[in-house]
2 protein chains.
Amino acid sequence: MSRPAEPDPRGQVDDLVARARAGEARAVGRLISWVEDATPASPVFSQRLRAVMAALAPHVGHAHVVGLTGAPGVGKSTSTSALVRELRGRGRRVAVLAIDPSSPFSGGALLGDRIRMGDHALDSGVFIRSMASRGHLGGLSWTTPQAVRVLDAAGFDVVVIETVGVGQSEVEIAGLADTTVVLLAPGMGDGIQAAKAGILEIGDVYVVNKADRDGADHVRRDLRSMMALADRPPEAWKPPILKTVAQTGEGLAEVADVLDRHHRRLTASGELVRRRARRARDEIEAIALDDLRRSWGRVGTVEALDGLADRVAAGDLDPYAAADQLLALAPKPPGGGPA
Amino acid sequence: MSRPAEPDPRGQVDDLVARARAGEARAVGRLISWVEDATPASPVFSQRLRAVMAALAPHVGHAHVVGLTGAPGVGKSTSTSALVRELRGRGRRVAVLAIDPSSPFSGGALLGDRIRMGDHALDSGVFIRSMASRGHLGGLSWTTPQAVRVLDAAGFDVVVIETVGVGQSEVEIAGLADTTVVLLAPGMGDGIQAAKAGILEIGDVYVVNKADRDGADHVRRDLRSMMALADRPPEAWKPPILKTVAQTGEGLAEVADVLDRHHRRLTASGELVRRRARRARDEIEAIALDDLRRSWGRVGTVEALDGLADRVAAGDLDPYAAADQLLALAPKPPGGGPA
């Protein structure tokens, strides 16, 4: 590699983490870039990311992580922007991670950044970042929880994860967030119908946006009657259904109030701790599986896996026997040292 | 477990595989149920599945695997049924796997079976089965490739995998199939617009269904002009755009012709072998990762993982260090023996 050696990565990390915690947006952005860059399995990048995560660990757990999802066209960006404005008015520091799962092939995360930034560009209490969804384990990239970790440690009070609700990703965002907001809008037709089944199981809060349009009450009524059929214990949180016009900011104060109420409720019931432990569990598993998968892709084993695949494709071997042989290659746990 | 011990599973497997290969639908259905049942990590079920896969291995690789995907409402079921009729008219044996990813929580695969079966219920050259998508590694269940393996070994000439096209699952079906058919229809509005980017990268064949309705030509023209922008090498397969009215069977002969043409092309170019080796590779990896994940969930390590998760959630440990500790528990490769 002709890339110049990075002197003293640990010192550099500590410095960056300190600056991020002091509120320097550039440092936060750099740390998130490191999270994103770590994916291509370069040992240098991975080592740096490990150092970052170790440095951040003592500082996480304070942010309220809000997932915001909805079908294309319901007004997610506008709603996020209006919510940020409302929360800023209440003195909160807010970070937004916009996950773009539009295509696993083409990223497409850059243009959005510029458009979104406009509104809040000069406000140091707001940080907005788009991340492409690599999503090799599903709709959301495994880097998302680590980016949340950076923003949490950097002292943001609220971290909003915005994602397009298309099937699987809705469920994954519900796994990542403390509070999941499902956004709907009138006149979406087929899309909503198809999505309804999944939507009903993940929302902590429902928001019918574009409430000034025909059909908003219909969507709300529809949702309410479907939710009435759900079998909830009487003490369970009953997801409220709010109405907004994100374009004008109408109804956003109520959304912010409900978010606070849900957060307090989660904290009081102990559910927040349980959700976060579950999230950490998923994250640890994903990292461990990813490490293993990478080690299978390294020289020596990549031929082995390809050879096994050829034999399975040719019918000489079944996939279970092949998986056993792959596991028997017994990759040693990749530690922080040079690989 | 109070379940009675199953005597001689290996003999039972050989018998069932022989009957499936002789064309007995009940035996095929039983094998697919075994594939589905194996997921809950019961050692008995897993052992049986391993025996099944070993018995099938020498018989796979003959079926043409066709993926059929499209947004809700484009007429997937009707199109599948019409395609089955057309292929039966040509003397082919056809199996259909309908994957229902509507919700990862509720299965919902049963009603569909009854509706679909009606048309072809008395034809022994047709096998139709719905599978719920468990999808813990994405939109499509990891059991799907194994169900395809059963149908392939059972001697079906064509295996159609039908799935709702919502983001990620479209890409996964393209990974599973030899030939991917993307179904569109006029008047779908927003949905198609949103899906277009992803759709353009996965289709080997495009079919505009409901071609008797207004707007069908518009959809076709639209698609054609978007495809003209794609950067394809001159010798590459140029995905044709066909028109059908699945309800009446109009245009299905052309679809069947194109499927044959694409299959011949894949075979001649060596691309079929490459696609299948890639598919086997993914399958082996998924099984190996699933085995590892299960072993982490076993008594002894489940407490370890939960303990690590609690420490990460509390900020005492970072997720990378936790993943290292998890990997250091070094689960031994799970073989065919009793776990």
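Two strands pair if DSSP finds at least two bridges between them, where strands are DSSP runs of E with at least two residues, helices are runs of H or I with at least four, and both are numbered from the N terminus. This is a predicted model, in which local features need pLDDT of at least 70, side-chain atom pairs count only at pLDDT 80 or more, and totals for chains, interfaces and linings use all residues. Residues are numbered from 1 along each chain as its sequence is written, with chains lettered from A and ligands numbered from 1 in the order in which they are written.

Chain A has 13 helices and seven strands, so let's pick one strand, β6(A), residues 205-208. On one side, β5 (residues 179-184) runs parallel to β6(A) through four bridges, with A:Val181 partnered by A:Val205. Strand β7 (residues 241-243) is also parallel to β6(A), over three bridges, and there A:Val207 has A:Leu242 as its bridge partner.Where do the side chains go? A:Val205 and A:Val207 point one way from β6(A), while A:Tyr206 and A:Val208 point the other way, and all are buried (20 or more other C-beta atoms within 10 Å of a residue's own; 12 or fewer is exposed, in between is partly exposed, with C-beta atoms placed from the backbone). In a regular strand the side chains alternate between the two faces of the sheet.

Now over to chain B. B:Arg149 sits in helix α6 (residues 144-153) and counts as buried because it has 27 C-beta neighbours inside 10 Å. Beyond its neighbours within four places in sequence, B:Arg149 is in contact (C-beta atoms, placed from the backbone, within 7 Å) with B:Met53, B:Leu56 and B:Val60. B:Ala63 is 86 residues from B:Arg149 along the chain, yet their C-alpha atoms are separated by 9.2 Å.

How values were computed:
Two residues are in contact if their C-beta atoms, placed from the backbone, lie within 7 Å.
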